[in-house]
Amino acid sequence: MILKNISIINYKNIQTADLEFSPKINCFIGQNGVGKTNLLDAIYYLSFCRSAYNPIDSQIITHDKDFFVLEGNYLNDNEDMENIYCGMKRGVKKHFKRNKKEYRRLSQHIGLIPLIFVSPSDSSLIDGGSEERRRLMDVVISQYDHSYIEALSAYNKALQQRNALLKMEDEPDMALMEIWEQQMAEYGEILYQKRDAFVKELVPVFQDIYQKISDNHEKVSLNYISHCQRDPLLNVIQRDRFKDRAIGYSLHGVHRDDLEMLIGDYQMKREGSQGQNKTFVLALKLAQFDFLKRTTSNTTPLLLLDDIFDKLDAHRVEEIVKLVSSDNFGQIFITDTNREHLDRILSNSVLAYKLFSVANGEISPEV
């Protein structure tokens, strides 16, 4: 998939932008806080119907403005054009359209434009809570398996209803409790099977990429942990029902799944240096890219790299540049405050590229 051009009006600090992109590498240079990440977030929005950073759409609109508009024209791998439009006024439901036809459900759009976004906030995958690592699995699997989105929605609804019963002051209706537990177990087992298959296929690719970037200096691993590995999920959920009732929420289920991240035999969050952590996350995201490329109807995802070179030594930067400049990758969007990094990328690449400067929300191509 190639993003040919984008039109932005009143998206965060970008009041207006009309940009034509290179089909291969697009680099954005500017100081911190000037709008580079907001541009990448606008591209992300057109893939996922939401911001990567703020779930509240009204807060995305530029201050003192009443609406925002995003519109992108894409060329898919079959050379067909796709027009994606999103517009929203304050206090009014947003409109999301594909080729001028509005979606009935936003979930129908997820996966049409596969995308991997790598940013400094990804450090939370290592040092944050388990919800960050579950979201990583959910975002990737949802892009190639719509039944996963449906199962996740159904599971979360059942979980919410069971938690509401657990919080009741009066004794809850046990027949109703069992219905929601059965639904949690049914949809939870589906989610577990899909997550387990995803992780098993992802791990060897992830390890191979990490070894290339680190020049085989460290060994890393990734382990999927779930309550489904103990027993049938319904048994696990019901076993501690009274403890759940005492604290007022569900202690067991796939909403507690996690990914264990290791360097050698130790927890990455305790032992990894800043450079190792960054390499770990980047290898994980590039492995997801490879996975999506093979599973989303052979559609090459967009790759967004936001300020990824900071805290990495020169060798690792060089290996990353080699990787993303290879034929395995399609269109890439890169931001950096350091012109030297981008010059190094462009000097080592025979691929077509465009360079943009960003300042105070204004984006302009460099000649």
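User: In this predicted model, which residue's backbone nitrogen lies 2.9 Å from a polar atom of the side chain of D173?
Analyst: D173 sits in the loop between α4 (146-166) and α5. A polar atom of the D173 side chain lies 2.9 Å from a backbone nitrogen. That nitrogen belongs to A175.

User: Is D173 buried, partly exposed or exposed?
Analyst: The relative accessibility of D173 is 46%. Buried means under 20% and exposed means over 50%, so a value in between takes the middle class. D173 is therefore partly exposed.

User: What is the strand order of the open sheet of 6 strands?
Analyst: The pairing in this sheet is antiparallel. Its edge strands are β2 (14-20) and β7 (101-102), each pairing on one side only. The order is β2-β1-β4-β5-β6-β7.

User: About what angle does the direction of helix α1 make with that of β1?
Analyst: Helix α1 covers residues 36-48 and packs on the sheet. It touches β1, β2, β4, β5 (81-89) and β6 (95-98). The angle between the directions of α1 and β1 is about 110 degrees.

User: Which residue in β4 is the bridge partner of I9?
Analyst: Strand β1 (residues 2-11) and strand β4 (residues 67-75) run antiparallel. They are joined by 7 bridges. In β4, the partner of I9 is V69.

User: How many residues apart are K285 and D122?
Analyst: Their side chains form a salt bridge, with N to O at 3.1 Å. K285 belongs to helix α9 (residues 274-295), while D122 is in the loop between β8 (115-118) and α2 (124-127). Both K285 and D122 are buried. The pair links distant parts of the chain, and the separation is 163 residues.

User: What is the N to O distance in the salt bridge of K212 and D208?
Analyst: Both residues lie in helix α5 (residues 174-214), 4 residues apart, which means a separation of about one helical turn. An α-helix has 3.6 residues a turn, so residues three or four places apart point the same way. K212 is partly exposed at 43% relative accessibility, and D208 is partly exposed at 39%. The N to O distance is 3.4 Å.

User: With which residue does R294 form a salt bridge whose closest N and O atoms are 3.0 Å apart?
Analyst: R294 and its partner both lie in helix α9, 4 residues apart, about one turn of the helix. R294 is partly exposed at 39% relative accessible area. The partner is partly exposed too, at 26%. That partner is D290.

User: How many salt bridges does the structure hold?
Analyst: Some salt bridges join into a network. R162, E181, R241 and D244 are linked in this way. For the structure, the count is 17.

User: What distance does helix α3 reach from its first C-alpha to its last?
Analyst: Helix α3 (residues 130-144) has 15 residues. At 1.5 Å a residue, 21 Å is expected. Buried residues in α3 include R133, L136, M137 and V140. The helix reaches 22 Å, close to the expected span.

User: Is S221 buried or exposed?
Analyst: S221 is found in strand β9 (residues 220-225). Beyond residues up to four places away in sequence, S221 touches F206, Q207, E260, M261, L262, G264 and F280. Its relative accessibility is 18%. The cut-off for this class is under 20%, so S221 counts as buried.

Definitions and conventions: Residues are numbered from 1 along each chain as its sequence is written. This is a predicted model: local features need pLDDT of at least 70, side-chain atom pairs count only at pLDDT 80 or more; totals for chains, interfaces and linings use all residues. Side-chain values use heavy atoms; hydrogens and water are left out. Two strands pair if DSSP finds at least two bridges between them. Helices (H or I, at least four residues) and strands (E, at least two) are DSSP runs, numbered from the N terminus. Contact means heavy atoms within 4.5 Å. Axes are lines fitted to C-alpha atoms, for helices over the stretch in contact, and angles run from 0 to 180 degrees between N-to-C directions. A salt bridge is a side-chain nitrogen of Lys or Arg within 4 Å of a carboxyl oxygen of Asp or Glu. Buried means under 20% relative accessible area, exposed over 50%, partly exposed in between (1.4 Å probe, protein chains only). A polar contact is a pair of N or O atoms within 3.5 Å; within protein, one must be able to donate a hydrogen and the other to accept it, and residues adjacent in sequence count only if both atoms are side-chain atoms. The expected span of a helix is 1.5 Å times one less than its number of residues.
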